[in-house]
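User: I am new to this structure and would like to learn how its features are read. Could you guide me through them?

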Amino acid sequence: MVKSQKKLDFWFWVKVLVVGFMLIFLFYPFCTLITRSFFSKNAAGFTLENYIRFFTKKYYYNALGRSLFVSVVTTLTTLVVGVPIAYVMSRYNVAGKRFIHIFIIMSLMSPPFIGAYSWITLFGRSGFITSLFANIGIHLPSIYGKMGIIIVFTFKLFPYVYLYTSGAMGSIDSSLEEAAENLGSNKFRRLWTITLPVVLPSIAAGAIMVFMTSLADFGTPMLIGEGYMVLPVLVYNEYMSEIGGNAHLASALSVIIVLCSTTVLLVQKYYVSRKNYVMTAMRPPKEEVLRGFKRFLVTFPVMLVTFVGILPQIVVLITSFIKCDFTGFQKGFSLGSYITIFNRLWTNIRNTFVFSTVAIVFIIALGMLISYIVVRQKGVAGQLMDLIIMFPFVIPGAVLGISLIVAFNKPPVILTGTALIIIIAFVVRKLPYTVRSGSAFLQQMDPSVEEASISLGVSPMKTFGKVTARLMAPGVLSGAILSWITCINELSSSVMLYGGKTSTISVAIYTEVVRNSYGTAAALASILTVSTVVMLLIFLKVSKGKVSIV
């Protein structure tokens, strides 16, 4: 009875701690944001002016329509690209399959809006490839505008669809397809009527990630939109306007973005819940061995798409060594850009790694505790905890940034402009990666080990620290590495929260690109790229394929 009470006390206070943290730094800021959206500097008291203005002014509701258009089209294009690649990679002996898989993941984990910047370098008005074609009298279409945004998003985000779909296709029960084959169904019909419907929940999961990411993205539309205003950029402009921002209207726009994200997520969950299939994964499909020209036919398209996906990072790395001045790029290579950033922007570099590392310490501690509650503490508490932790996926980074500013920009707690508020934003936004990874790892562990420890008189708290935590460490560490990668690459919330002394690499890249200092921007982005590659390789080493990247 005493042991049971201790167990209750320990995990009760853990739940209080976690829920309290999320209430203070997620729900309270968001509720404050909602409240502010119903006030206006032009009217006294409670008012719907901001929402009326949004739905009656073409400039505002057009931004929502453009955001939804870009997100829907991007989702469709990533499905067209990602699903075939997932099928080919899971069913055929594609040459260099392991390296292709790593490169695809690297393209997903690339630094912020690096794709947009690289495509400008190649296909902008003075881009390298644009200039080459112009010299022979061929004028390429503009990379700016909605089509440019969609192209960049497609090659940046198709890995979501690929990773979810390939994982599902690799674990499907092959007896289903064999039964269809025995009944005379050809390969295409089996794919269309058996394979795709079975893996549809995974495809939908990848698609929803693409939709929500593209809907919330700020950097890419900001750089290459050129007048094609989408909602996240509009939020930023309204809040940060040099001629006097409208925080109340920005709050209303933020609420509208979250409502759109939540609605789409709920529709996806409802649809997937009606399409789930239960099967055994004891007989996964066998890899079909192709030779000669047939192998080339399946390998070349995959390699081509992968190359385009990883091209931005290659371009940035090369650009960082090109000698340049204020008039543009010069011939030759040098380390000038790196010397410049270490002399002028060292604070940004230091801040990025210090803030991310501090955030990861809290993410690991909270992630380990929350993973245990979600998996081992069955019932309402575990489900509620899981729902709370996944809520940040619905909130775009810029919206979270504005929420924290609105909530903590006045007494008794003023955090705006401090390092602490950026670290808090990192923890709130990136915690789900570690929780998901730790939960997946813990589900594979036999709880009898913990039960044996407790039955021998060890308290639940000590059992968790000495037994459970050590066993689930690889899974939590894998998720923490991914959280760290996304922290150092974070832009959307950082660009809203930073101050003069708390600017990060991502913010500096954005600033340098806006100033046309492409060399220093490339050097900063290269630092993030190298850091991302190193940590990604560590992740693959630590997880050993046991933990999914998504």
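User: Is Arg344 buried, partly exposed or exposed?

Analyst: A point to keep in mind throughout is that this is a predicted model. Burial is judged from relative accessible area, where buried means under 20% and exposed means over 50%. Arg344 has a relative accessible area of 41%, so it is partly exposed.

User: With which residue does the side chain of Arg344 meet in a salt bridge?

Analyst: The general idea comes before the case. Side chains of opposite charge can pair when their charged atoms come close. In this model, the partner of Arg344 is Glu512, with a distance of 3.0 Å from N to O. Arg344 belongs to helix H14 (residues 336-344) and Glu512 to helix H22 (residues 505-514), so this salt bridge ties together parts that are 168 residues apart in sequence.

User: Is Glu512 buried or exposed?

Analyst: The relative accessibility of Glu512 is 2%, and therefore Glu512 counts as buried.

User: Which residues are linked with Glu512 in a network of salt bridges?

Analyst: The network links Glu512 with Arg344 and Arg515. Between Glu512 and Arg515, the closest N and O atoms are 2.8 Å apart. Arg515 is partly exposed because its relative accessible area is 46%.

User: How many salt bridges does a search of the whole structure find?

Analyst: The search finds 4 salt bridges. One of them joins Arg429 to Glu490, and here the closest N and O atoms are 2.9 Å apart. This pair links distant parts of the chain, 61 residues apart. Arg429 sits in helix H18 (residues 419-442), while Glu490 sits in the loop between helix H20 (460-488) and helix H21 (494-497). Both Arg429 and Glu490 are buried.

User: Let us turn to contacts. Which residues does Thr130 touch, not counting residues up to four places away in sequence?

Analyst: Setting such sequence neighbours aside shows what a residue meets from elsewhere in the chain. For Thr130, the residues touched are Leu122, Phe123, Gly124, Arg125 and Leu140. Thr130 itself is part of helix H6 (residues 128-135). With a relative accessible area of 13%, Thr130 falls under the 20% limit and is therefore buried.

User: Where is Met212 found, and what is in contact with it?

Analyst: Met212 is in helix H9 (residues 187-216). Apart from neighbours within four places in sequence, Met212 has contacts with Ser261, Leu265, Phe393 and Val394. Met212 counts as buried because its relative accessibility is 9%. A separation along the chain can also be set beside a separation in space: Met212 and Cys260 are 48 residues apart along the chain, and their C-alpha atoms are separated by 9.2 Å.

User: How many cavities of 30 Å³ or more are there, and what is the volume of the largest cavity?

Analyst: The count comes to 3 cavities of 30 Å³ or more. The largest cavity has a volume of about 80 Å³. Helix H5 (114-123), helix H7 (146-171) and helix H13 (292-319) are the elements that each give two or more residues to its lining.

User: Which element gives the most to the lining of the largest cavity, and how is that lining divided by class?

Analyst: H13 gives the most, with 4 residues. By class, the lining of the largest cavity has 6 nonpolar, 5 polar and 1 charged residues. Among the residues that line the largest cavity are Ser107, Trp119, Phe155, Lys156 and Pro312.

Key:
Residues numbered from 1 in each chain as written. Predicted model: local features only at pLDDT ≥ 70, side-chain atom pairs only at ≥ 80, totals over all residues. Heavy atoms only, no water. Buried < 20%, exposed > 50% of the residue type's maximum accessible area, 1.4 Å probe, protein only. Contact = heavy atoms within 4.5 Å. 1 Å grid on protein atoms, 1.4 Å probe; cavity = no way out; pocket = protein on both sides within 12 Å on 5 of 7 lines; lining within 4 Å. Points joined across faces, edges and corners; volume = space filled by probe spheres on them. Nonpolar A, V, L, I, M, F, W, Y, C, P; charged D, E, K, R; others polar.
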